[in-house]
Amino acid sequence: MPVTILAIESSCDDTSAAVIRDGVVLSNCVANQEVHQLYGGVVPEVASRAHQANIIPVVTLALKQAGVTKTDLTAVAFTRGPGLLGSLLVGTSFAKALALSFDLPLIEVNHLTAHVLAHFAEEPKPEFPFLCLTVSGGHTQIMEVRDFHDLEILGQTIDDAAGEAFDKSGKLLGLGYPAGPLIDKYARLGQPRFPFPEPEVPGLNFSFSGLKTSILYFIKRETAANPDFITQNLHDICASIQARIVTILLKKLRKAARQTGIRAIAIAGGVSANSGLREALTAMGEQEGWTTYIPAFQYCTDNAGMIGVAAYYKYLRGEFCEQNVTPFAR
Ligand code: KG4
Ligand code: ZN
């Protein structure tokens, strides 16, 4: 009997459902919530209501695209946390109800573990142990991944996440939300000629709040002298912000690789879609003699495919949860 898992992701502002059979992703559907663009960031209450509206159509589409019916399912998986509690509640309640009505086992998945294990959705799959830099809107961490179930955080941000650094800088430039993809697009057209400072953070931890402040003062100073400064220099400003974020990330990743002696290096999370980071990682990998793993775009940002892949490895170990399981925010 094949193992067919329906996976649900609803931790932030993307409602996603996927069907995974024997570890292979058959469908991976995402409904983005564009409504948050009006507010320049995710509004939690609005996100949970949008999840409620989206979840049944998205699950129906995922089953249809996979050519699977509810009676073919072996288990139901969902993101338990971390994330926005109201958003997580929608996915959790939906998964529980479905599992209860079809008498299926339930699998809870940690969102950050799933970003890392997204690398097992496609070939080439990394060999253990590997290091993974997970960079998203909510998290920035370097993990040593020894096994599907044995992940250790070696370093993480002490303030903002890398995605937040992109989004908040973009907000200062008057760009829409999320600004990460826009900064990426404009950066490709510019030169990193504005030197933003690099924080001094001990060990393998990161900090991005100082960068945000220096960008704020830079913009204030320059626009006081020339009100059109941003429009006239947008591409170069974006290239400079992106270049600095990328060097902050990769310097720590290189330090972690040298400290641990691990040469299999992966990136994950929404910011791993960034073209500057992808190129710089490849270049550093060649210099350092690493084997690098960069996920396909559909597995970078939040998606249920990665939840299903992580759930599959829990299924193989019989790691199920009860109906009284509750989501967690952090
Ligand atoms: O993993 P994700 O979809 O959601 C969280 O778990 O947070 O990551 C979303 C983050 C946002 O901050 C977004 O701006 C950033 O990923 N992002 C990017 C790019 N695509 C998404 N940042 C830089 N360059 C991109 N191409
Ligand atoms: Zn995420």
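So, helix 7 has a kink in it, about 55°, and the centre of that kink is His235. Keep in mind that this is a predicted model. The helix itself runs over residues 229-260, which makes 32 residues. End to end, from the first C-alpha to the last, helix 7 reaches 44 Å, and that's close to the 46 Å you'd expect at 1.5 Å a residue. Then look just past the end of helix 7: Gly261 sits there with a positive phi of about 75°.

Okay, on to the ligand. What surrounds ligand 1? There are 18 residues around it, and the closest are Gly137, Asp167, Asp184, Asn274 and Asp302. If you sort that shell by character, you get five nonpolar residues, 10 polar and three charged. Three helices each put at least two residues into the shell: helix 3 (111-117), helix 4 (162-172) and helix 5 (180-187).

Now some atom-level contacts. Two of them involve histidines: an oxygen atom of ligand 1 is 3.3 Å from a side-chain N or O atom of His111, and an oxygen atom of the ligand is 3.2 Å from a side-chain N or O atom of His115. Asp184 comes in too, with a side-chain N or O atom 2.9 Å from a nitrogen atom of ligand 1. And how much of the ligand does the protein bury? On its own ligand 1 exposes 550 Å², and 89% of that gets buried by the protein.

Next, salt bridges. The count for this model is 16. One I'd like you to find on the screen is Glu108 with Lys314, where the side chains meet at 3.8 Å, N to O. Why pick that pair? Glu108 belongs to strand 5 (residues 106-110) and Lys314 to helix 9 (residues 304-316), so this salt bridge ties together parts that are 206 residues apart in sequence.

Last bit: backbone oddities, and these are in loops. Glu123 and Pro124 are joined by a cis peptide bond, with omega about -5°. You'll find Pro124 in the loop between helix 3 and strand 6 (130-135). There's also a cis peptide bond between Tyr177 and Pro178, with omega at about -10°. Pro178 is in the loop that runs between helix 4 and helix 5, and those two helices came up a moment ago as suppliers of the ligand shell.

And then Asp22. This residue isn't a glycine, but its phi is positive anyway, about 50°. Where is it? Asp22 is in the loop between strand 2 (14-21) and strand 3 (24-32).

If you want a route through the model, begin at the kink on His235, go over to the shell around ligand 1, and finish on the Glu108 and Lys314 salt bridge.

Technical notes. Residues are numbered from 1 along each chain as its sequence is written. Chains are lettered from A and ligands numbered from 1 in the order in which they are written. This is a predicted model: local features need pLDDT of at least 70, side-chain atom pairs count only at pLDDT 80 or more; totals for chains, interfaces and linings use all residues. Side-chain values use heavy atoms; hydrogens and water are left out. Helices (H or I, at least four residues) and strands (E, at least two) are DSSP runs, numbered from the N terminus. The expected span of a helix is 1.5 Å times one less than its number of residues. The bend at a residue is the angle between axes fitted to the seven residues ending there and the seven starting there. A residue is near a molecule or strand if one of its heavy atoms lies within 4 Å of it. A polar contact is a pair of N or O atoms within 3.5 Å; within protein, one must be able to donate a hydrogen and the other to accept it, and residues adjacent in sequence count only if both atoms are side-chain atoms. Accessible areas come from the Shrake-Rupley method with a 1.4 Å probe; for residues, only the protein chains shown count as cover. Ala, Val, Leu, Ile, Met, Phe, Trp, Tyr, Cys and Pro count as nonpolar, Asp, Glu, Lys and Arg as charged, and the others, Gly among them, as polar. A salt bridge is a side-chain nitrogen of Lys or Arg within 4 Å of a carboxyl oxygen of Asp or Glu.
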